[in-house]
Amino acid sequence: MASESEFLERLSDVLETPVTLETRFRDVDNWSSLMGFGILVTLENDFGRRMTVDEFLTCQTVGDLWTSLK
């Protein structure tokens, strides 16, 4: 399993801004649905976590996404 710092680094890349576990990812300045798709692809390809859209919609923060990996 990836470390928390590796996870945060990958999500920062996808969101094009530094993030913490408390970051509300839909509130980042340049948020788009394409970034949401990028998160889903990253979760699956880099972390082996296939997340449904319904599951994704319940996540509010980067920490929620991190918790879903466990």
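Phe56 sits in helix α3; helices here are DSSP runs of H or I with at least four residues, numbered from the N terminus. With a relative accessible area of 6%, Phe56 is buried, which means under 20% relative accessible area, while exposed is over 50% and partly exposed is in between (1.4 Å probe, protein chains only). Keep in mind that this is a predicted model, where local features need pLDDT of at least 70, side-chain atom pairs count only at pLDDT 80 or more, and totals for chains, interfaces and linings use all residues. Residues are numbered from 1 along each chain as its sequence is written, and side-chain values use heavy atoms, with hydrogens and water left out.

What does Phe56 touch, not counting residues up to four places away in sequence? The list runs to Phe25, Arg26, Trp31, Gly36, Ile39, Leu40, Met51 and Leu65, where contact means heavy atoms within 4.5 Å. For Ile39, 17 residues away along the chain, the C-alpha separation from Phe56 is 9.2 Å. Arg26 lies over the face of the Phe56 ring, at 5.0 Å from the ring centre; the rule here is CZ of Arg (or NZ of Lys) within 6 Å of the centre and within 35 degrees of the ring normal.

**Aromatic pairs**

There are four aromatic pairs in the structure. Rings of Phe, Tyr and Trp (its six-membered ring) pair if their centres lie within 6.5 Å, and planes under 30 degrees apart count as stacked, over 60 as edge-to-face and the rest as tilted. A pair of rings is described by the distance of the centres and the angle of the planes. Here are two that involve Phe25:

| Pair | Centre to centre | Angle between planes | Class |
|---|---|---|---|
| Phe25 and Trp31 | 5.7 Å | 55° | tilted |
| Phe25 and Phe56 | 5.5 Å | 35° | tilted |

Phe25 is at 0% relative accessibility, so it counts as buried. Trp31, its partner in the one pair, comes out as partly exposed because its relative accessibility is 26%. The other pair, Phe25 with Phe56, is tilted because the planes are at 35°. That pair links distant parts of the chain: Phe25 is in the loop between α1 and α2, Phe56 is in helix α3 (residues 53–58), and they are 31 residues apart. Elsewhere, Phe7, Phe47 and Trp66 make up one aromatic cluster.

**Around Met51 and helix α4**

Met51 is in the loop between α2 and α3 and is buried, at a relative accessible area of 10%. Its contacts, leaving out residues up to four places away in sequence, are Leu40, Leu43, Phe56, Cys59, Leu65 and Ser68. Leu40 is 11 residues from Met51 in sequence, and the C-alpha to C-alpha gap is 6.6 Å.

Two of those partners, Leu65 and Ser68, bring in helix α4. Leu65 is in α4 and has a relative accessible area of 0%, so it is buried. Beyond four places in sequence, Leu65 touches Phe7, Leu11, Phe25, Ile39, Leu43, Met51, Phe56 and Cys59. Ser68 also belongs to α4, which covers residues 62–68, and it counts as buried because its relative accessibility is 16%. With the same sequence cut, Ser68 touches Arg49 and Met51.

**Helices α1 and α2**

How do α1 and α2 cross, left-handed or right-handed? The crossing is right-handed, that is, the near helix is turned clockwise from the far one by less than a right angle (anticlockwise would be left-handed). The axes of α1 (residues 4–15) and α2 (residues 33–47) come within 9 Å and cross at roughly 145°. Axes are lines fitted to C-alpha atoms over the stretch in contact, and angles run from 0 to 180 degrees between N-to-C directions.

On the α1 side the contact uses Glu6, Phe7, Arg10, Leu11, Val14 and Leu15, and on the α2 side Met35, Gly38, Ile39, Thr42, Leu43, Asp46 and Phe47. By class that gives eight nonpolar, two polar and three charged residues; Ala, Val, Leu, Ile, Met, Phe, Trp, Tyr, Cys and Pro count as nonpolar, Asp, Glu, Lys and Arg as charged, and the others, Gly among them, as polar.

Asp46, in α2, is partly exposed at 40% relative accessible area. Asp46 touches Arg10 and Val41, not counting residues up to four places away in sequence.

**Glu16**

Glu16 is in the loop between α1 and α2. Its phi is near 60°, a positive value in a residue other than glycine. Most residues other than glycine have a negative phi. Glu16 is exposed, with a relative accessible area of 59%.

Note on methods
Helices (H or I, at least four residues) and strands (E, at least two) are DSSP runs, numbered from the N terminus.
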